[in-house]
Structure formats: C-alpha cells, structure tokens
Amino acid sequence: MSDVRHVLVLPDRDAAEEAAEALGERFGVAEDPQLVRDALAGEDDAEDAQWLVVLRDEDGELDAAELDEFAAEWDGWREEP
C-alpha cells in the first residue's frame, strides 16, 4: 500500500465542492476528498484564492489522465507530484 495523493487545483470553492462530490460518482472514490483553500503568495483577498481537492489513492487505481480531464471540466488542473 502506498501513500499516493492527487491534488486537483480549482479556481474557486464552488468548483472544488462540486468536483469533490462528482469524484465519488465518476470514480467510485469512497473517502471524501479534503478541500483546502490555497491563497496565492502575497495576496490577502479571498478572491485570489485557489482551492485544492486532495484525494488519497492508496491502491493507485486512479488514472492521472482521467483526473486531468476531470479537473479541466471545472477550469482546473491536476498537480504533478
């Protein structure tokens, strides 16, 4: 068992919440992903924050290319580890 994590970077909280919910439906993710607000360096304004959806993939079952396409549906992307 490995400690693989995927991080999807999304433009706002609404997109992150929608994507987190859709992950279970599309990929069968049982564990709820973690939502994290990531303020851009030097920015105090909440409007300049990105949201991260962090999900564990201990069995390595999630395909990176499919996650890339999934994140793009919300104008986001998957961070490379």
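This report describes the strands, the helices and the nonpolar core of a predicted model.

In this predicted model, local features need pLDDT of at least 70 and side-chain atom pairs count only at pLDDT 80 or more, while totals for chains, interfaces and linings use all residues. Residues are numbered from 1 along each chain as its sequence is written, and side-chain values use heavy atoms, with hydrogens and water left out.

Helices (H or I, at least four residues) and strands (E, at least two) are DSSP runs, numbered from the N terminus. Two strands pair if DSSP finds at least two bridges between them. The 4 strands form an open sheet in the order β2-β3-β1-β4, with antiparallel pairing. Each edge strand, β2 and β4, pairs on one side only. Between β2 and β3 the antiparallel pairing extends over 6 bridges, and Arg37 has Trp51 in β3 as its bridge partner.

| Element | Residues |
|---|---|
| β2 | 34-39 |
| β3 | 49-56 |
| β4 | 77-79 |

Helix α1 (residues 13-27) lies across β1 (5-10), β2 and β3, and runs at about 15 degrees to β3. Such angles run from 0 to 180 degrees between N-to-C directions, with axes fitted to C-alpha atoms, for helices over the stretch in contact (heavy atoms within 4.5 Å).

The largest nonpolar core (buried Ala, Val, Leu, Ile, Met, Phe, Trp, Tyr and Cys residues joined through side-chain atoms within 4.5 Å) has 18 residues. Buried means under 20% relative accessible area, with a 1.4 Å probe and protein chains only. Leu8, Leu10, Leu23, Phe27, Val53, Phe70 and Trp74 touch the most other members. Helix α1 gives the most to this core, with 7 residues.

Conventions: Buried means under 20% relative accessible area, exposed over 50%, partly exposed in between (1.4 Å probe, protein chains only).
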